Amino acid sequence: MTLQVFGHPFSSFFQKVAVALYEKSVPFELRMLDPHHPDNAAEFAKLSPLGKFPLLVDGGLTIAETSIIIEHIDRRWPGETRLIPNDPDLAMEVRYLDRFFDLYLNMQMQRVVGNALRKPGERDPLGVVEARSVLVRAYRWLDQRLGGRAWAAGDDFSLADCAAAPALFYADWVEPIDPLLSTLKAYRTRLNERPSMARAIDEGRPYRPLFPLGAPDRD
């Protein structure tokens with residue numbers, strides 16, 4: 001049975017899972033969540049009471065949370081491309097960096113974007129300042145951490161890079177990376193040029209008018 005993934009191609013967390021699936025050449029059916037697909041939304045509401053996507057359905061299994069979804073994919077379709085290393089120490093670093101990209105880049109970016117979607121009287125300017133500050137500090141730390149590495153945890157593309165690709169893609173739209181952080185900027189470029197992420201970017205391209213801060217004329 002073909003995997004089903006409930007989500008939207010412009011979503012950063014959906015893209016994280018899509019990159020993993022494309023890396024491993026695992027076919028899946030996108031169950032689009034938007035106003036034009038009410039049947040998908042109705043089924044999704046039954047499967048995910050909290051309404052969080054992406055959500056993966058694999059036969060009788062329903063799996064939420066992107067990192068867990070990717071761990072499931074990596075275990076079920078091990079193949080030649082392993083997104084979580086067999087070495088336990090390296091696997092721990094990959095999982096740590098995965099959390100770092102999700103919590104300190106992706107979530108902070110979404111705080112700024114979410115604020116822009118609110119009505120003017122409901123906005124939280126202090127929260128936006130705090131989120132941007134976290135992004136700037138995360139950028140500086142990553143620029144040092146990534147020195148001498150092709151990918152987040154070393155020579156091999158991993159779960160951490162699946163998290164990094166959409167997180168850095170959108171975070172740089174929200175809080176541009178300082179040009180002096182050349183290591184981080186080069187890493188973002190490598191991620192964007194990776195075929196799996198390039199495909200995810202192209203699939204999300206038609207929805208750029210939805211970006212409330214205005215999608216930049218780049219990428």
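Here are four short exercises on a predicted model of a protein chain, each with a worked solution.

**Exercise 1: the overall build**

Work out which elements the chain contains, in what order they come, and how its compactness compares with that of a globular protein of its length.

*Solution.* Start with the inventory: you should find 8 helices and 4 strands. Next, walk along the sequence and jot down each element as you meet it, which gives β-α-β-α-β-β-α-α-α-α-α-α. Now for compactness. The radius of gyration is 17 Å, and the globule rule gives 17 Å for 219 residues, so the chain is as compact as a globular protein of that length. To finish, look at the extents: along the principal axes, the C-alpha trace spans about 50 × 50 × 25 Å.

**Exercise 2: inside and outside**

Find what share of the residues is buried, and what share of the accessible surface belongs to carbon and sulfur atoms.

*Solution.* Take the residues first: 50% of the 219 are buried. Then turn to the surface. The accessible surface comes to about 11100 Å², and carbon and sulfur atoms hold 55% of that. One more thing to check is how far along the sequence the contacts reach. Among contacts with a separation of 6 or more, 70% are between residues 24 or more positions apart.

**Exercise 3: two helices that meet**

Decide whether α5 and α7 are roughly parallel or roughly perpendicular, and name the residues that make their contact.

*Solution.* Two things describe a pair of packed helices: the angle between their axes and the distance between those axes. Helix α5 covers residues 125-145 and helix α7 covers residues 182-193. Their angle is about 85 degrees, and their axes are 7 Å apart. An angle from 65 to 115 degrees counts as roughly perpendicular, so α5 is roughly perpendicular to α7. Now zoom in on the contact: α5 brings Tyr-139, Leu-142 and Asp-143, while α7 brings Ser-182, Thr-183 and Leu-184. Sort these residues by type and you get 3 nonpolar, 2 polar and 1 charged.

**Exercise 4: two residues up close**

Say for Asn-40 and for Leu-210 whether each is buried or exposed.

*Solution.* Asn-40 sits in helix α2, residues 38-47. Its relative accessibility is 11%, and buried means under 20%, so Asn-40 is buried. Skipping neighbours within four places in sequence, Asn-40 touches Phe-6, Arg-31, Met-32 and Leu-33.

Leu-210 lies in the segment after α8. With a relative accessibility of 55%, and exposed meaning over 50%, Leu-210 is exposed. Finally, try a distance: Leu-210 and Phe-10 are 200 residues apart in sequence, yet their C-alpha atoms are 8.9 Å apart in space.

Conventions
Residues are numbered from 1 along each chain as its sequence is written. This is a predicted model: local features need pLDDT of at least 70, side-chain atom pairs count only at pLDDT 80 or more; totals for chains, interfaces and linings use all residues. Side-chain values use heavy atoms; hydrogens and water are left out. Axes are lines fitted to C-alpha atoms, for helices over the stretch in contact, and angles run from 0 to 180 degrees between N-to-C directions. Helices (H or I, at least four residues) and strands (E, at least two) are DSSP runs, numbered from the N terminus. Angles under 35 degrees count as roughly parallel, over 145 as roughly antiparallel, 65 to 115 as roughly perpendicular and the rest as oblique. Contact means heavy atoms within 4.5 Å. Ala, Val, Leu, Ile, Met, Phe, Trp, Tyr, Cys and Pro count as nonpolar, Asp, Glu, Lys and Arg as charged, and the others, Gly among them, as polar. The radius of gyration is taken over C-alpha atoms; the globule rule is 2.2 Å times the number of residues to the power 0.38. Buried means under 20% relative accessible area, exposed over 50%, partly exposed in between (1.4 Å probe, protein chains only). Accessible areas come from the Shrake-Rupley method with a 1.4 Å probe; for residues, only the protein chains shown count as cover.
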